[in-house]
Amino acid sequence: MQYDHILVRYGELTLKSGNRNTFVNQLKSNIKYALIPLTGYKVNANRDRMYVEVTEDADVEEIMKRISKVFGVHSVSPVVKVEKDIDQIKSSAVKLARDIDAPGVTFKVDAKRSDKGFPYDTFALQQELGGEILSNIEHLTVDVKKPGYKLLVEIRSDAAYLYSRVIKGAGGLPVGTGGKTLLMLSGGIDSPVAGIEVMKRGVTIEAIHFHSPPFTSEEAKQKVIDLTRIMAETTGEIKLHLVPFTDIQKMIHKKMPENLTMTSTRRMMLKIADKFARQIDAKALVNGENLGQVASQTLGSMYAINAVTNLPILRPLLTLDKDEIIIKAKEIGTFETSIQPFEDCCTIFTPKNPKTNPRLDKVESFEAGTDFDAMIEEAIANIETLTISKHTDTKQEFDELL
Ligand SMILES: Nc1ncnc2c1ncn2[C@@H]1O[C@H](COP(=O)(O)OP(=O)(O)OP(=O)(O)O)[C@@H](O)[C@H]1O
């Protein structure tokens, strides 16, 4: 069957009646971005739903797959649009039914009529179309209770729409409608998943990454670029801020007792993220922390680390098990990149026995002996910012260039 439109149903947008136009426009622009560089489509949006008109040579399956991954999309269906004329509707219904025709297959016609002026009510329409299909197609039989296929017909004000498939969308809200956050992005499994989770609620992210060359490699930096690129696939460009962290890490190791270096490292990262978030007008920080997973993520550690900021910290993975996070990382496509073995600055400087319940007053008094604030200012002044989109070179392409 040749489909001429893809019907896009909105998710929670229905709840946001006040800002509906803003939401719809943002979703439209996010969908257009997700479809680059495909051709053969035109996106038409109205307050209730979106129709993407597709030409005969368009790759309808790929277009649907991409749209279904955009946050704010509840579901998509490939549809045939015809005039509200019973003969045209019948002929399209038969064509659709031919696609599912096979021995033993059952079906049911489900009609909806928002145009009450249409001469057939839903029951009569179902009868007409069911009868037409049965008399034209060899194998199909009707089963109204448990049909193998549903053939859906909607009679709306502008036209009639027919379809049989409903593909689940990503849900959530369109990215760009919920303010800005700063994601603390390591090269690990968790933080990219945390970023995607908050984007699902409509917020935009910029990412901040701490690296310590020459202790961390170019490959480790490229890995973070690759992760950002995957996150940017359906959501638009993401700014990635790379903070030179070597001097601060060296100083921490020189001045702090070994078992407090990890706590202090996290506090310095958070101080920088806090200051920088304010500069870019981000209203919250996001990280991939998970309660109890490692020494820095016990309640005691979080208390001592968190004390340096009063910005909200969003921790969307806080209560998940590692295997649940891995499933999500595989779904969004970051897992394979995250497990590449290039070391992060925290891994390299990890102390043998980090304190799992560090005392805040002790950490603060040790830190007070060093002018970390000046070093923090310097690190922020030397941040390198990259704008990453789905067109940014991947590590593989980057390697091929060398
Ligand atoms: N080098 C870094 N740059 C930016 N943020 C970082 C960095 N290292 C850690 N973080 C932040 O701190 C969080 C906890 O990091 P940690 O390495 O302790 O745990 P993790 O559970 O292994 O997380 P991940 O898998 O994201 O690395 C990360 O999820 C991330 O948000």
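Is aspartate 59 buried, partly exposed or exposed?

**Figure 1. Aspartate 59 and its loop in the predicted model.** Aspartate 59 counts as partly exposed, because its relative accessibility is 44% and the partly exposed class runs between 20% and 50%. The residue sits in the loop that joins β3 (49-54) to α2 (60-68). Threonine 39 is 20 residues away from aspartate 59 in sequence, and their C-alpha atoms are 8.1 Å apart in space.

**Figure 2. The protein chain as a whole.** The chain holds 15 helices and 15 strands. Its radius of gyration is 27 Å, well over the 21 Å that the globule rule gives for 402 residues, so the chain is more spread out than a compact globule. The C-alpha trace spans about 85 × 45 × 40 Å along its principal axes. Of the 402 residues, 50% are buried. Among contacts with a separation of 6 or more, 81% are between residues 24 or more positions apart.

**Figure 3. Helix α3 and what covers it.** Helix α3 takes in residues 86-100, which is 15 residues. From first C-alpha to last, the helix reaches 22 Å, close to the 21 Å expected at 1.5 Å a residue. Its buried residues are Ile86, Ile89, Lys90, Ser92, Ala93, Val94, Leu96, Ala97 and Ile100. An α-helix has 3.6 residues a turn, so residues three or four places apart point the same way. The cover over the buried residues of α3 includes the strands β4 (73-82), β5 (106-113), β7 (149-155) and β8 (160-163), along with helix α4 (122-136).

**Figure 4. Residues listed under "binding site" in UniProt.** An unreviewed UniProt entry gives Met184, Leu185, His209, Phe210, Arg266, Gly288 and Gln297 for this feature. Of these residues, His209 and Phe210 are included in the lining of the largest cavity. The next two views take up Leu185 and Gly288, which are also on the list.

**Figure 5. Surroundings of leucine 185.** Leucine 185 lies in the loop between β10 (180-184) and α5 (190-199). With a relative accessible area of 2%, leucine 185 is buried. Not counting residues up to four places away in sequence, leucine 185 touches Ser191, Pro192, Ala207, Ile208, His209, Val224, Thr228, Met231 and Leu240. One of these contacts, His209, also appears in the UniProt list.

**Figure 6. Surroundings of glycine 288.** The loop between β13 (284-286) and α9 (299-306) holds glycine 288. Glycine 288 has a relative accessible area of 12% and is therefore buried, since the limit for that class is under 20%. Outside the four places on either side in sequence, glycine 288 touches Asp190, Ser191, Ala194 and Leu317. Ser191 is in contact with leucine 185 as well.

**Figure 7. The largest nonpolar core.** This core has 31 residues, and those with the most contacts inside it are Leu182, Ile208, Phe210, Ile248, Ile272 and Leu285. At least two of its residues come from each of β10, β11 (204-211), α7 (246-255), α8 (261-279) and α14 (372-381). Helix α8 supplies the largest share, 7 residues. Isoleucine 208, leaving aside neighbours within four places in sequence, is in contact with Leu182, Leu183, Met184, Leu185, His241, Val243, Ile272, Ala273 and Phe276. Apart from this core lies another, of 28 residues, including Ile196, Met199, Ala232 and Ala329.

Technical notes:
Residues are numbered from 1 along each chain as its sequence is written. This is a predicted model: local features need pLDDT of at least 70, side-chain atom pairs count only at pLDDT 80 or more; totals for chains, interfaces and linings use all residues. Side-chain values use heavy atoms; hydrogens and water are left out. UniProt positions are given in the numbering used here, feature names are shortened, and annotations may be inferred rather than shown by experiment. On a 1 Å grid over the protein atoms alone, a cavity is a set of points where a 1.4 Å probe fits but cannot get out, and a pocket is an open set with protein on both sides within 12 Å along at least five of seven lines; lining residues have an atom within 4 Å of a point. Helices (H or I, at least four residues) and strands (E, at least two) are DSSP runs, numbered from the N terminus. Buried means under 20% relative accessible area, exposed over 50%, partly exposed in between (1.4 Å probe, protein chains only). Contact means heavy atoms within 4.5 Å. The expected span of a helix is 1.5 Å times one less than its number of residues. A nonpolar core is a set of buried Ala, Val, Leu, Ile, Met, Phe, Trp, Tyr and Cys residues joined through side-chain atoms within 4.5 Å. The radius of gyration is taken over C-alpha atoms; the globule rule is 2.2 Å times the number of residues to the power 0.38.
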